[in-house]
Protein chains: 2
Amino acid sequence: MKKISEVRSFGGRQLRYEHDSKVLNCVMQFSVFLPQAAAKQSVPAVYFLSGLTCTDENFSTKAGAQRVANELGLALVIPDTSPRGDDVPDDPEGAYDFGKGAGFYLNATQSPWSTHYHMYDYIVDELPALVEQELPLTAQRAIAGHSMGGHGALVIGLRNPERYTSISAFSPITNPTDCPWGHKAFSNYLGDDKDSWKQYDAVEIINANGQSLPIRVDQGLADGFLEEQLKPEALKSAITAANGDGEVHLHEGYDHSYYFIASFIEAQLRFHAKHLN
Amino acid sequence: MKKISEVRSFGGRQLRYEHDSKVLNCVMQFSVFLPQAAAKQSVPAVYFLSGLTCTDENFSTKAGAQRVANELGLALVIPDTSPRGDDVPDDPEGAYDFGKGAGFYLNATQSPWSTHYHMYDYIVDELPALVEQELPLTAQRAIAGHSMGGHGALVIGLRNPERYTSISAFSPITNPTDCPWGHKAFSNYLGDDKDSWKQYDAVEIINANGQSLPIRVDQGLADGFLEEQLKPEALKSAITAANGDGEVHLHEGYDHSYYFIASFIEAQLRFHAKHLN
């Protein structure tokens, strides 16, 4: 992996890298924040998966997460949201909710998407193996995300409890088999067999297998996507039915933006720190 | 003035407005953060002037200032950096350091710039009069800025000590009569009479009139513009010679970006709160 940039931030280091991804079959960029503590010893990492249209830079520049991450001695690993490059097929109409910037953290099985769109394997295996070899990171991991990335964090955490300590999400797509964004993505990436969709649906996973890790969700009540796309009540019901360790915090007046994320990222990082230590 | 958007942020309100500016002769947008305390009483405001290429949105989305502003009960007033619109003349070659996005917080005297480029009067008079009439703000003001906006904060604060309590700046252009950015801007906006340039040069103002307000400057030592454009030593010398109340903090490893601003905005807001109260 090749370093593209490095700047100091809150006493730590904000880094950006580029590498050839075998799993995604393209060149990928990602960002990492290393707290000051990482100069002396390896530190645990919180992976943050971003939402539709984002790259690794949205969370890096707008969430204000570095302050608390440095205080808690946590690294932040911030991947891109899809495979990239001229060879990677995109939504034929350039829509924001499918194709590039919208990988949905799954392994596509349908042509032409299956050549590159393997974000699930990238996040679960390839990226952690790379950064834990090259950077001062322990194998202690927590996973978080926003919107489509909240969906990714829930699905990846719930399916791999041995690899993470805890899951958090802002405004996640909790039940993608039952919303327009999920229908569009899953029918294209995975095809018409709706049974194959369930492995990428947090509500379906909890209903089938129970809840394997502690979860914290923050959801704004002035979020324009709340009822049609996000459905926090579906997740809450699944957690309750599974008798799981989960909190869904609803916040009056907050929307879907990074102003919301910035307001509550401290609470989510403190939640993860409690489980990582 | 017309509200364009409102979102909640750290318990307060992040607002964006549009209005017809008489001074600038065009439609302008600006952002305001109102802390929770402003729901019950009028609050003091910190004006933040942004740098080259910026609008009001860079500071609003990237500095993470709302958390501490809310805690301290301070409003943030965040103007754009130049007049805007199709009627406003721009750099003929579209350069980033002159014209739109580069108003330099002065009153232009030369054609064709003098029709619109009056950012000095806009920041000193028109904008405060408007927001103090329409929003729950007291007439207590502090002024801050970044790079070109750090220059603006220093010049406007030093020349109007009765209107502000304190000045702060990140990576300011301290001595624009003696750097390439300043030469280009001043020769075009103000013409060849170099005496007219001195009224917009913080170092010249302190050398001529002394230092009228407390100043805090933060400057990164890995800032690529440090030696050619910013010259913190010139400001430090002027403050020392004037026996003024000023601190220039130099920070190892930090660059010119919003990662730097985010790391030290808390210190600057606490500095202003001390003087505003």
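I take helices (H or I, at least four residues) and strands (E, at least two) as DSSP runs, numbered from the N terminus. The model is a predicted one, so I accept local features only at pLDDT of at least 70 and side-chain atom pairs only at pLDDT 80 or more, while totals for chains, interfaces and linings use all residues. Residues are numbered from 1 along each chain as its sequence is written, chains are lettered from A and ligands numbered from 1 in the order in which they are written, and side-chain values use heavy atoms, with hydrogens and water left out.

**Backbone entries**

I looked up Pro112(A) and placed it in the loop between β5 (75–79) and α3 (119–134) of chain A; the peptide bond that leads to Pro112(A) from Ser111(A) is cis, with omega near -5°. In chain B, I found Pro112(B) in the loop between β5 (75–79) and α3 (119–134), and the bond joining Ser111(B) to Pro112(B) is cis, with omega about 0°. I noted these because most residues other than glycine have a negative phi, and most peptide bonds are trans.

Lys231(A), although not a glycine, has a positive phi of about 55°, and I located this residue in the loop between α7 (226–230) and α8 (232–241) of chain A. With a relative accessible area of 24%, Lys231(A) is partly exposed (buried means under 20%, exposed over 50%, partly exposed in between, with a 1.4 Å probe and protein chains only). For Lys231(B) I also read a positive phi of about 55°, in the loop between α8 (226–230) and α9 (232–241) of chain B.

**Helix α10 of chain B**

I followed helix α10 (residues 258–276) of chain B and found a bend of about 50° at Phe264(B), the bend being the angle between axes fitted to the seven residues ending there and the seven starting there. Of the 19 residues of α10(B), 14 are buried.

**Aromatic entries**

I paired rings of Phe, Tyr and Trp (its six-membered ring) if their centres lie within 6.5 Å, with planes under 30 degrees apart counted as stacked, over 60 as edge-to-face and the rest as tilted. This rule gave 36 aromatic pairs over all chains. The rings of Phe48(A) and Phe170(A) have centres 6.4 Å apart and planes at 45°, so I entered the pair as tilted. Phe48(A) lies in strand β4 (residues 43–49) and Phe170(A) in strand β7 (residues 167–170) of chain A, 122 residues apart, and both are buried. I also recorded one aromatic cluster that includes Phe48(A), Phe170(A) and Phe264(A).
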